[in-house]
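Student: I would like a close look at one part of this protein, namely the sheets and the hairpins that build them, with the surrounding chain brought in wherever it helps. Could you take me through it carefully?

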Amino acid sequence: MTILFIIGCTPTYAADYDFLLSRCIKEYGIYTDSGGLVYAAASHDGSYLITVYADSGSFTCKAYGSENEPADEISFNIGGKNKYRLEITNTEDDLCISMYTNEKGEYFRLINDAFTKTLNKPKESKPVLKYSTGKISVVTDPYDVYDSLNDLKSLRVSSYTLPRSSLTENENRELMYLIKSCADLMQYDSGDHDIHTLMRHMLYTYRNFTLLSSIPPNHSVSGKISLYSSDYIDDALYKAFRLQPEKPAVNMLTELGYCYNNGVYYSAGGYDKYFATDVMEITDSFELEDGSLLIIFKNTYTEGDSPPIPEISSAVAAKDESGFYLLKLNMGGDLPSHHENTEQPQEDTASHAADAYMPLFIIIISLAVIGIIIYRFIII
């Protein structure tokens, strides 16, 4: 497992390495046969972040400095009949990238923010990548990059100077139900949201909201059209977000992807790829100046048949006489950038923003189909 080396006292949070690593994951992806990130680690003193990237023609190591800028990078060409092996030390006083070509080693140390070739072989290092007979082998687990990201996020949380909130058992349970219900929506901001997008995604993930509402969903399917009880959806919308729905007419089904009539919501479309979230536990809660709570929690995200990705996510919740409701939700994205400022960064860093899995292009419902809906569910 890739870890951050925290030796002695707790480090002072300096660089935005969690933001940087999130950007790298978004840009390069985690390694597959076509390439991607295979390794990431940061020093305990915050002086650098190292990433290792592989593609079909090269191994690339990139160092970032504490000013959040690339310090240097070094790339090694691979291919042909040669054998290659890239190793990296995991000791703090002697960071060294070792590149072996047919067992002949070259050693590069980060000196004055530059990879510099040196003569001394490190006493210890661990293999990261190998190449032989036209094939790359990843020795480490590329998904450990997410562990490094979460370590950096935890370091950020530890630097917050906001007052901590002590949740009661009932409050913790209520917040867990709230977050679990909304987790598949991925992103929400009460100050910047589209009610129709929110409603569509609530309809697609309607089962989750049984944690909030005791009203039966009364879900059914007719052809490519799904039907839901408006009482259930409206109750969940209010309990989760303190919002009132818009109820678009039947002739808006094609344009908006959903509509309402006579106590029923109709939707066309859905997600084009399987994904799932699982909220594990609330790890921290902080009191904000306006009385709301910043909630930090652990979850996993699974897409298709890929392994679950461990994440540290955040939400902001407020409370009134009816209980808690969400002001913000940011699944897998950047945590608030500063402890004095709870605004989420404008650029989402999650690799799975909800819109990345926008519904199957909203099915173009012909006037004939709308006519059938009206006939079957309204006139009859």
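Tutor: The chain contains 7 helices and 19 strands, and since this is a predicted model, what follows describes computed coordinates. Of the 380 residues of the chain, 51% count as buried, and the accessible surface comes to about 18300 Å², with carbon and sulfur atoms contributing 49% of that area. Among contacts in the chain with a separation of 6 or more, 57% join residues that are 24 or more positions apart.

Let us begin with the sheet formed by S1 to S4. These 4 strands make an open sheet in the order S1-S2-S3-S4, with antiparallel pairing. Its edge strands are S1 (36-42) and S4 (70-77), each of which pairs on one side only, and the twist from one strand to the next averages 15 degrees. Within this sheet, strand S2 (residues 48-55) and strand S3 (residues 58-65) are paired in the antiparallel sense over 8 bridges, and Asp55 stands opposite Ser58 in S3. Helix H2 (residues 144-159) lies across S1 and S2, and runs at about 35 degrees to S1.

The packing around Leu21 brings several of these segments together. Leaving out residues up to four places away in sequence, Leu21 touches Ala40, Leu49, Thr51, Val145, Ser148, Leu149 and Leu152. Of these, Ala40 falls within the residue range of S1 (36-42), Leu49 and Thr51 fall within that of S2 (48-55), and Val145, Ser148, Leu149 and Leu152 fall within that of H2 (144-159). Leu21 is also one of the residues that touch the most other members of the largest nonpolar core, which has 61 residues, and Cys182, Leu198, Phe241 and Phe297 share that description. A second, separate core holds 26 residues, including Ala41, Ile78, Phe115 and Ile136.

The next sheet is also open, and has 6 strands in the order S8-S7-S6-S5-S9-S10, again with antiparallel pairing. Strand S8 (114-118) and strand S10 (135-138) stand at the edges with a single partner strand each, so one side of each has no neighbour in the sheet. The twist here averages 20 degrees from one strand to the next. As background, strands of a sheet pair through backbone hydrogen bonds, in either a parallel or an antiparallel sense.

Two pairings show how this sheet is put together. Strand S6 (residues 96-101) and strand S7 (residues 104-111) pair in the antiparallel sense over 6 bridges, and Met99 has Glu106 in S7 as its bridge partner. Strand S9 (residues 126-132) and S10 are likewise antiparallel, with 4 bridges between them, and the bridge partner of Ser132 in S10 is Lys135. The hairpin of S9 and S10 has 2 residues between the strands, and Thr133 there takes a positive phi near 50 degrees.

A further hairpin is made by S16 and S17. Strand S17 (residues 293-303) is joined to S16 by 11 bridges, and the two strands run antiparallel; among the paired residues, Thr277 has Tyr301 in S17 as its bridge partner. There are 5 residues between the strands of this hairpin, and Gly291 in the turn has a positive phi of about 95 degrees.

Asp284 deserves a longer look, as it is placed in strand S16 (residues 275-287). Its relative accessible area is 17%, and Asp284 therefore counts as buried, given that the cut-off for that class is under 20%. The side chain of Asp284 makes a polar contact with the side chain of Thr283 at 3.4 Å. Setting aside neighbours within four places in sequence, Asp284 is in contact with Val157, Arg164, Leu294, Ile295 and Ile296.

For a contrast outside the strands, consider His193, which lies in the loop between strand S11 (187-189) and helix H4 (195-204). At 31% relative accessibility, His193 counts as partly exposed. The side chain of His193 reaches two backbone oxygens, that of Asp189 at 3.4 Å and that of Ser190 at 3.3 Å. Beyond its neighbours within four places in sequence, His193 is in contact with Tyr188, Leu198 and Leu243, and Leu198 has already appeared among the residues that touch the most other members of the largest nonpolar core.

Conventions. Residues are numbered from 1 along each chain as its sequence is written. This is a predicted model: local features need pLDDT of at least 70, side-chain atom pairs count only at pLDDT 80 or more; totals for chains, interfaces and linings use all residues. Side-chain values use heavy atoms; hydrogens and water are left out. A nonpolar core is a set of buried Ala, Val, Leu, Ile, Met, Phe, Trp, Tyr and Cys residues joined through side-chain atoms within 4.5 Å. Buried means under 20% relative accessible area, exposed over 50%, partly exposed in between (1.4 Å probe, protein chains only). Contact means heavy atoms within 4.5 Å. Two strands pair if DSSP finds at least two bridges between them. Axes are lines fitted to C-alpha atoms, for helices over the stretch in contact, and angles run from 0 to 180 degrees between N-to-C directions. Accessible areas come from the Shrake-Rupley method with a 1.4 Å probe; for residues, only the protein chains shown count as cover. A polar contact is a pair of N or O atoms within 3.5 Å; within protein, one must be able to donate a hydrogen and the other to accept it, and residues adjacent in sequence count only if both atoms are side-chain atoms.
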